[in-house]
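Me: Please take a close look at the open spaces in this model, starting with the pocket that holds the most room, and tell me what surrounds each of them.

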Amino acid sequence: MSQNRPISSFIEKNFLHFNAAALVDAAKGYKQHIAEGKKMMVTLAGAMSTGELGISFAEMIRQNKVHIISCTGANLEEDIMNLVAHSHYKRIPNYRDLTPEQEWGLLENHLNRVTDTCIPEEEAFRRLQKHLFQVWKDAEDAGERLFPHEFMFRMLNSGDLKQYYEIDPRNSWMIAAAERNMPMVVPGWEDSTMGNIFASYVLTGELKASTMKSGIEYMVWLADWYTENSGKDGIGFFQIGGGIAGDFPICVVPMLHQDLERDNVPFWSYFCQISDSTTSYGSYSGAVPNEKITWGKLSIETPKFIVESDATIVAPLMFAYILEW
C-alpha cells in the first residue's frame, strides 16, 4: 500500500463490487472530468455540514476540484455553527431509544437534534443571529440587495467570528468558499433557521423582505453562469443526497433549451448521485439517472453514476480518492 495515498490505495484494493465499485467508478469519472478542464457543481442536501463534511470538502474547494456549489440553507449555516460552537454540541448515540419526554427535555435545554447530534441554540443559532442581523441591516441601510450566501461570505470575511472559532478553520468549507467568493446557489433558503429568523425581522418591521434576493433571482443568475461557463462540453453535476439542492440547479439546462429556446446549450456532462432513497412511485430523489434524459437534463452520452449508500460515509471517501489521499 502506498504511504502517500493510503485511503486511495485501500479503496482501489478493496472496493471492487456493488456500491463500492460504483463509488470507485464515479470518483474516477469525476477525476477525468476535472482533468479534461471541465467544471463541476457539487450539491449538498441533508445535514452534511453537521456531519462535518467540511473536513474533506474544504480541501476540494481549495484544490479547485469544485467550481460551483448548490446547497440547502441548513448546510449553508450549519457549517458556520459547527465552526463557532463545536464544543457546545451534544452527541446522543442512543437517539433511536429516546422517548417523546426525553425529546422534550432536549427542547427545554435548547438543544436541537439532528439524528445523533444536538445543535446548541444559544451558542450556535443566537451567536450567528447577532452578527448576521448587523450584516443584513448594514446592507439594507446602504441600499444593497444580496443573496443569502453573499451575506454569509461578508460576515465570514469580516473576521468578526474569529473570536468564537472552536475548530480548525481549514475544516470549514464555508470559509474556503468565502475566501474564493465561490459561485453558489441556495434554493429554498427561507426554510432554514436563518431564513426563519430573517422572516421574523421582516414581521417586526426591522428588515425588508426585498433586502434578500430571491430564489427566482438565483435561477436567473445560474442561467447566466451556466451559459458563460459551460463552453461546448457542459458542467459536471455531483449530487450528495436528494432534495432541492439537486432538483433546483439541474433544471437550468432544460429551461435554457426548452423555455428560452436557446441552441448550443450543452447538457450536464457528468452526473453522479449519492443517495439512499429508493426508486418508488414518483420519487425524484430515488429516480435513476436515465429518467433525467427524458427531462432534457442529461444526454445519452453523459457519464452517469449512482451510489446507493449513506452519503456521510461515501462522500468523504470519494473526496479522499479525488484528492489522492
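**Pockets and cavity**

Reply: In this predicted model, the largest pocket encloses about 390 Å³ of space. Its lining is made up of 22 residues, and those that lie nearest the centre of the pocket are Ala 47, Met 48, Thr 115, Asp 310 and Thr 312. Sorted by class, the lining of the largest pocket has 12 polar residues, together with 7 nonpolar and 3 charged ones.

The second largest pocket holds about 200 Å³, and 13 residues line it, with Lys 162, Tyr 165, Pro 169, Ile 175 and Glu 179 closest to its centre. Two helices, α7 (148–158) and α8 (173–180), each supply at least two residues of this lining, and α8 gives the most, with 4 residues. The lining of the second largest pocket divides into 6 nonpolar, 3 polar and 4 charged residues.

Besides these pockets, the structure holds 1 cavity of 30 Å³ or more, and the largest cavity has a volume of about 40 Å³. The residues that line the largest cavity are Pro 148, Val 186, Gly 188, Trp 189, Glu 190, Met 212, Lys 213, Ser 214, Gly 215 and Tyr 218, which by class are 5 nonpolar, 3 polar and 2 charged. Pro 148, named in that lining, also falls within the residue range of α7, the helix that supplies at least two residues to the lining of the second largest pocket.

Terms used. Residues numbered from 1 in each chain as written. Predicted model: local features only at pLDDT ≥ 70, side-chain atom pairs only at ≥ 80, totals over all residues. Heavy atoms only, no water. 1 Å grid on protein atoms, 1.4 Å probe; cavity = no way out; pocket = protein on both sides within 12 Å on 5 of 7 lines; lining within 4 Å. Points joined across faces, edges and corners; volume = space filled by probe spheres on them. Nonpolar A, V, L, I, M, F, W, Y, C, P; charged D, E, K, R; others polar.
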